[in-house]
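User: Please take a close look at one part of this model, the packing between its helices, and set out carefully which residues take part in it. I would also like to know where individual residues stand with respect to the surface.

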Amino acid sequence: MSEQPMSAAEIVAAWPLPQGAHLADTVRRNLLATLEATFEQGYGELPPEALADLAIGPLVIMLGRLEVDLADARTRIDELERALRDR
């Protein structure tokens, strides 16, 4: 017996996100809402390959935020290390 292929919404819902990944969860919920609205408006099921087109923008935004936060954390760590050395 062959297994039914997963729908795009099932694939998105199955993404394992770590606890506290609020931005990633927001992207997932927005994708699920888009997939549901697309289906309800009569466009049918989007192919899983279409997920990349829907997700790339929010993922790039999240990556940008992560990059800025990491740079800020590095700066703070350097400042704290200098303060400890100067003690």
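Analyst: **Helix H2 and its packing**

Ala-33 has a relative accessible area of 45%, so this residue is partly exposed, falling between the limits of 20% and 50%. The model is a predicted one, and Ala-33 is placed by it in helix H2. Between the C-alpha atoms of Ala-33 and Ile-77 there is a separation of 39 Å, for two residues that are 44 apart along the chain.

Two other residues of the helix give another picture. Arg-28, whose place is also in helix H2, has a relative accessible area of 15% and is therefore buried, given that the limit for burial is under 20%. When residues up to four places away in sequence are not counted, Arg-28 touches Val-12, Ala-13, Trp-15 and Leu-17. Thr-38, found in helix H2 as well, likewise counts as buried because its relative accessibility is 15%. With neighbours within four places in sequence left aside, the contacts of Thr-38 are Tyr-43, Gly-44 and Leu-46.

The packing of H2 against H3 can be taken next. Two packed helices are described by the angle between their axes and by the distance between those axes. For H2 and H3, the axes come within 10 Å of one another and cross at roughly 160°. An angle over 145 degrees counts as roughly antiparallel, and H2 and H3 are therefore roughly antiparallel to each other. The crossing that H2 and H3 make is right-handed. On the H2 side, the contact is made by Leu-23, Ala-24, Val-27, Leu-31, Thr-34 and Leu-35, while H3 brings Leu-51, Leu-54, Ala-55, Pro-58, Leu-59, Met-62 and Arg-65. Sorted by class, the contact of H2 with H3 holds 11 nonpolar residues, one polar residue and one charged residue.

Several of these names return in the largest nonpolar core, which has nine residues, namely Ala-8, Val-12, Ala-24, Val-27, Leu-31, Leu-35, Leu-51, Ala-55 and Met-62. At least two residues of this core are supplied by each of helix H1 (8–13), helix H2 (22–43) and helix H3 (50–85), and H2 gives the most, with four residues. Within this set, Met-62 can be followed a little further: neighbours within four places in sequence being left aside, Met-62 is in contact with Leu-23, Ala-24 and Val-27. Val-12, a member of the core, is also among the residues that the buried Arg-28 touches.

Two exposed residues outside H2 complete the view. Asp-53 is found in helix H3 and, at 66% relative accessibility, counts as exposed because the limit for that class is over 50%. The C-alpha atoms of Asp-53 and Ala-71, which are 18 residues apart along the chain, are separated by 28 Å. Pro-18 lies in the loop between H1 and H2, and its relative accessibility of 56% is why this residue, too, counts as exposed. Pro-18 and Leu-80 are 62 residues apart along the chain, with 29 Å between their C-alpha atoms.

Taken together, H2 holds the buried Arg-28, the buried Thr-38 and the partly exposed Ala-33, and H2 also meets H3 through a contact that includes Ala-24, Val-27, Leu-31 and Leu-35 on its own side.

Terms used: Residues are numbered from 1 along each chain as its sequence is written. This is a predicted model: local features need pLDDT of at least 70, side-chain atom pairs count only at pLDDT 80 or more; totals for chains, interfaces and linings use all residues. Side-chain values use heavy atoms; hydrogens and water are left out. A nonpolar core is a set of buried Ala, Val, Leu, Ile, Met, Phe, Trp, Tyr and Cys residues joined through side-chain atoms within 4.5 Å. Buried means under 20% relative accessible area, exposed over 50%, partly exposed in between (1.4 Å probe, protein chains only). Contact means heavy atoms within 4.5 Å. Axes are lines fitted to C-alpha atoms, for helices over the stretch in contact, and angles run from 0 to 180 degrees between N-to-C directions. Angles under 35 degrees count as roughly parallel, over 145 as roughly antiparallel, 65 to 115 as roughly perpendicular and the rest as oblique. A crossing is left-handed if the near helix is turned anticlockwise from the far one by less than a right angle, and right-handed if clockwise. Ala, Val, Leu, Ile, Met, Phe, Trp, Tyr, Cys and Pro count as nonpolar, Asp, Glu, Lys and Arg as charged, and the others, Gly among them, as polar.
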